[in-house]
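Reader: Could you give me a close look at the strand pairing in this model, and then at the open space beside it? Keep it casual, but tell me the cut-offs as you go.

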Amino acid sequence: MTIHRAWTWAFSRRCAWRLGALILLLACPSRVSAQPRTYTNPVGDSIFVADPSVLTHQGRYYLYGTSAGDGFRAWTSENLVDWNELGYVYRKQAGTWGQGSFWAPEVVRYRDRFYLIYSSRGPAAYGDGYRITIAVADRPEGPFEDLYSPLFDPGYSMIDAHLFIDDGKPYLFFEMVGLVGSLGNDKGYLWGVIMGVELSEDLSRPLTEPKLCLYPTQEWEGVSSMWARSNEGMTVFKAGDTYYMTYSGNHYRDPNYGVGYATAEHPLGMWTKYAGNPILKQDPSLGVSGPGHNSITVSPDGSEQFIVYHSHADPANPSGRRVLNIDRLIVRDDGTLEVVGPTRTPQPMPAGSAR
């Protein structure tokens with residue numbers, strides 16, 4: 001066989017092999033695209049977590065939430081969809097001020113350290129009450145140690161803390177909560193309003209008296225309820241010259257629990273609610289009940305915003321057992337917010353995901 005004929009024969013065999021491989025791949029599409037490019041809510045393999053808050057740091061996401069009776073567990077992800085548990089990042093100790101009701105943790109990076117802000121129940125000015133504590137760590141994985149515990153005691157119960165840093169100034173938002181009458185048989189109801197205050201640069205104290213930001217005024221928030229009339233679970237962010245506060249209304253066990261938003265020209269208001277609230281609400285046809293208490297983050301490439309929220313794990317029997325969801329959040333050209341959801345069908349993966 002001449003060199004020319006041998007080369008032609010070998011080339012023909014390679015072409016035939018490649019053609020056969022291409023035909024096989026086309027006949028089996030799953031082999032062509034082994035990695036799915038969509039996700040479906042709830043994400044995280046049904047992580048049972050409430051009040052989810054997401055921190056982004058060095059290309060990774062860290063998820064914190066109401067997840068244990070004696071502290072907080074956390075999870076980490078590279079794409080907002082697939083989560084791995086880190087275990088406890090904060091746990092009650094013998095001398096811890098808070099003794100129970102460890103709720104709604106958030107972690108914020110500030111001056112090169114990581115601050116965990118949360119609410120719990122402990123000894124207060126007028127007997128046991130709910131107050132806000134700030135803990136600190138050098139890494140988002142913790143372990144976090146209490147720094148200001150409690151942060152301050154205004155003489156009323158406080159939950160659902162949110163720390164917002166604006167041009168280097170720290171602001172604290174929280175829900176002031178109380179009870180009118182007694183619960184049961186339409187003899188009373190829980191109530192909650194959102195307060196805000198600027199903190200000192202070291203986060204150790206409020207600089208003024210807290211200011212009222214939001215209170216229940218819209219029907220979906222339970223303004224006539226004999227169970228709970230509440231605004232809570234706030235998150236503040238800025239787009240252009242406008243400050244946005246997303247918040248939840250009603251009671252977390254109610255199917256009508258949802259998400260609305262308000263806008264302001266300054267972090268402490270005046271805040272004006274969007275007339276089209278809620279922007280995220282239950283959808284029985286999809287099996288979605290009580291979507292709420294959100295945080296906001298961005299896709300891995302920073303081109304998309306996502307709202308991270310919980311919903312009832314069992315829509316037929318709403319309870320404190322909740323699952324994790326993510327959906328796209330859009331700031332329209334006219335400045336209004338839109339949630340592309342709630343969803344229960346396959347959605348495109350967050351832009352820039354490695355998956």
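Author: Let's start with one residue pair: Tyr 64 stands opposite Ala 74 in β4. This is a predicted model, where local features need pLDDT of at least 70, side-chain atom pairs count only at pLDDT 80 or more, and totals for chains, interfaces and linings use all residues. Residues are numbered from 1 along each chain as its sequence is written, and side-chain values use heavy atoms, with hydrogens and water left out.

Strand β3 covers residues 60-66 and strand β4 residues 71-77, and they pair in the antiparallel sense over four bridges. (A strand is a DSSP E run of at least two residues, numbered from the N terminus; two strands pair if DSSP finds at least two bridges between them.) Step back, and they sit in an open sheet of four strands with the order β2-β3-β4-β5, again with antiparallel pairing. β2 and β5 (84-91) are the edge strands, each pairing on one side only. Ignoring direction, neighbours in this sheet are turned by 25° against each other on average, using axes fitted to C-alpha atoms and an angle scale from 0 to 180 degrees between N-to-C directions.

There's another four-stranded open sheet, β6-β7-β8-β9, also antiparallel. Here β6 and β9 (145-148) are the edges, each paired on one side only, and the twist averages 35° from one strand to the next. Strand β8 (residues 127-137) and β9 pair antiparallel over three bridges. Ala 135 has Asp 146 of β9 as its bridge partner.

The loops have a few things worth zooming in on. Pro 42, in the loop between β1 (38-39) and β2, follows a cis peptide bond from Asn 41, with omega near -5°. Ser 149 to Pro 150 is cis too, with omega near -5°, and Pro 150 lies in the loop between β9 and β10. Arg 111, in the loop between β6 and β7 (113-124), has a positive phi near 55°. Most residues other than glycine have a negative phi, and most peptide bonds are trans.

Now the open space. The largest pocket has a volume of about 630 Å³. Of its 32 lining residues, Trp 103, Ile 159, Glu 232, His 251 and Tyr 252 are the closest to its centre. (A pocket is an open set of points on a 1 Å grid over the protein atoms alone, where a 1.4 Å probe fits, with protein on both sides within 12 Å along at least five of seven lines; lining residues have an atom within 4 Å of a point. Points join across faces, edges and corners, and volume is the space filled by probe spheres set on them.) Elements giving two or more lining residues include β2 (50-57), β6 (100-110) and β10 (157-166). The lining splits into 14 nonpolar, 12 polar and six charged residues, with Asp, Glu, Lys and Arg as charged, Ala, Val, Leu, Ile, Met, Phe, Trp, Tyr, Cys and Pro as nonpolar, and the others, Gly among them, as polar.

The second largest pocket holds about 540 Å³ of space. It has 20 lining residues, with Val 54, Leu 55, Val 107, Val 108 and Ile 296 nearest its centre. β2, β6, β10, β14 and β18 (292-298) each supply at least two of the lining residues, and the lining divides into 11 nonpolar, seven polar and two charged.

As for trust, the mean pLDDT (the predictor's confidence in each residue, from 0 to 100) is 91, and 90% of residues reach 70 or more.
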